[in-house]
Structure formats: C-alpha cells, structure tokens
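Trainee: Could you walk me through one part of this protein closely? I'd like to follow a single strand and see how it sits among its surroundings.

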Amino acid sequence: MNQTKKLYKYAIMAVCAILMSVSFTSCGDDDDDDFDGDNPSVNQALIGTWESRYYDSDEAEYITSTITFKKNGKCTISESCEKHPQDSYSVTVNYSVHGDITGSARLSMWGKDIEGEYTQLEFIATISGNNLKMTEIEGEDVGETTNFTRK
C-alpha cells in the first residue's frame with residue numbers, strides 16, 4: 001500500500017487520518033495548553049490519546065493507529081505496522097471542533113502529510129464514554145468510519 005493512500009486511510013482513523021502540519025515559527029512553547037477553538041469545554045472530552053487497531057488484509061498485518069489531541073489545537077497521528085515497522089509514521093497536524101463532540105460535531109484536520117503535501121480532512125465525530133467514532137465527510141475516503149478507544 002503506498003504511503004499517500006495509507007496516510008489518508010489512517011487520518012480517517014483519527015484519525016489515520018489523517019496527516020498534516022502547517023509549519024509555524026514562534027518564540028513560544030508549541031505545547032502550551034491554550035486552545036482557541038469554538039468551545040474549549042466541549043473540546044475537553046476529545047483531549048487525550050485514542051487508539052484503533054485493525055487487520056490490513058492487503059498487507060496481511062495488524063495496524064495500530066493512535067491520535068493524541070492536545071488543548072493547543074494540535075494532534076499527533078501515529079501508525080504502527082506490525083510486520084513492516086519501516087512503514088510506521090507519526091505526524092503532527094492542526095485540528096478544530098465545531099459543535100458538541102459528545103453529540104455530533106464537525107472535526108477538521110489540516111496541515112502537511114508525511115510527504116510534505118498540504119491536505120485537509122473533515123469528519124463527523126462523536127464521543128460516547130471511552131469511544132470516539134469518526135466518519136469522513138470530506139477527503140479521499142468519504143463515508144469511511146473508524147472507531148477509537150481512549151487509552
């Protein structure tokens with residue numbers, strides 16, 4: 001499976017989605033916890049690390065995708081390939097949430113993918129307990145749903 005297709009597929013899993021990062025230069029700390037999104041109290045439910053694992057029949061291996069959402073509007077998407085560790089990757093992207101994530105919200109992710117190309121993905125995201133469901137509504141895999149569990 002080529003890296004670009006894999007990137008889009010896993011961005012969806014998060015975000016698997018997912019897979020992008022606009023470069024910003026600043027003198028401050030990139031990991032500060034200030035979030036400028038629509039509703040910080042709603043976004044609190046999303047903050048943390050989420051994981052999804054599935055079997056890729058094309059590659060005959062298990063893939064683990066992890067998305068870590070931070071309060072500062074950035075998230076890190078990582079993918080581990082069991083049989084082909086050289087295909088594993090991690091990328092930091094921007095995100096925003098519009099709406100109530102505990103109901104149904106629009107989750108936008110944008111930035112540069114692992115090949116340095118700008119991309120943007122849109123999801124409908126819902127959190128129920130320790131489960132995050134993301135369905136892609138704009139991008140390469142529209143309609144694909146990925147389920148994550150809070151780690």
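Before we zoom in, how much area does the chain expose, and what share of it do carbon and sulfur atoms supply? After that, please take me to strand S4.

Mentor: Happy to, and please keep in mind that this is a predicted model. The chain exposes about 7,300 Å², and carbon and sulfur atoms supply 45% of that area. Of the 151 residues in the chain, 44% are buried.

Let's set the scene for your strand. The chain has two helices and eight strands, and from the N terminus the two helices come before the strands, in the order α-α-β-β-β-β-β-β-β-β. The eight strands close into a barrel, ordered S1-S2-S3-S4-S5-S6-S7-S8, with antiparallel pairing. On average, and ignoring direction, neighbouring strands of this sheet are turned by 30° against each other.

Now to S4, which spans residues 89-98. This strand is mostly covered, with seven of its ten residues buried. On one side it pairs with S3: six bridges join the two, and they run antiparallel. As an example, lysine 74 has asparagine 94 of S4 as its bridge partner. Strands of a sheet pair in this way through backbone hydrogen bonds.

S4 also pairs with S5, again in the antiparallel sense, over five bridges. Here valine 97 stands opposite leucine 107 in S5. The hairpin of S4 and S5 has six residues between the strands, and in this hairpin glycine 99 takes a positive phi near 115°.

Next, look at what the strand gives to the interior. The largest nonpolar core has 23 residues, and those with the most contacts inside it include Tyr95, Leu107 and Met134. Strands S2, S3, S4, S5, S6 and S7 each give two or more residues to this core, and S4 gives the most, with five.

Leucine 107 ties several of these pieces together. Beyond its neighbours within four places in sequence, leucine 107 is in contact with Tyr95, Ser96 and Val97, among others. Its list of contacts also includes Leu46, Phe69, Leu121, Phe123 and Met134.

One last stop is strand S3, the partner of S4 across those six bridges. S3 covers residues 74-81, and cysteine 75 is buried with a relative accessible area of 1%. Cysteine 81 has 5% relative accessibility, so it falls under the 20% cut-off and counts as buried too. The structure holds zero disulfides.

Terms used: Residues numbered from 1 in each chain as written. Predicted model: local features only at pLDDT ≥ 70, side-chain atom pairs only at ≥ 80, totals over all residues. Heavy atoms only, no water. Core = buried A, V, L, I, M, F, W, Y, C linked by side-chain atoms within 4.5 Å. Buried < 20%, exposed > 50% of the residue type's maximum accessible area, 1.4 Å probe, protein only. Helix = DSSP H or I, 4+ residues; strand = E, 2+ residues; numbered from the N terminus. Contact = heavy atoms within 4.5 Å. Pairing = 2+ DSSP bridges. Axes fitted to C-alpha atoms, helices over the stretch in contact; angles between N-to-C directions. Areas by Shrake-Rupley, 256 points an atom, 1.4 Å probe, with all protein chains shown as cover. Disulfide = S-S within 2.5 Å.
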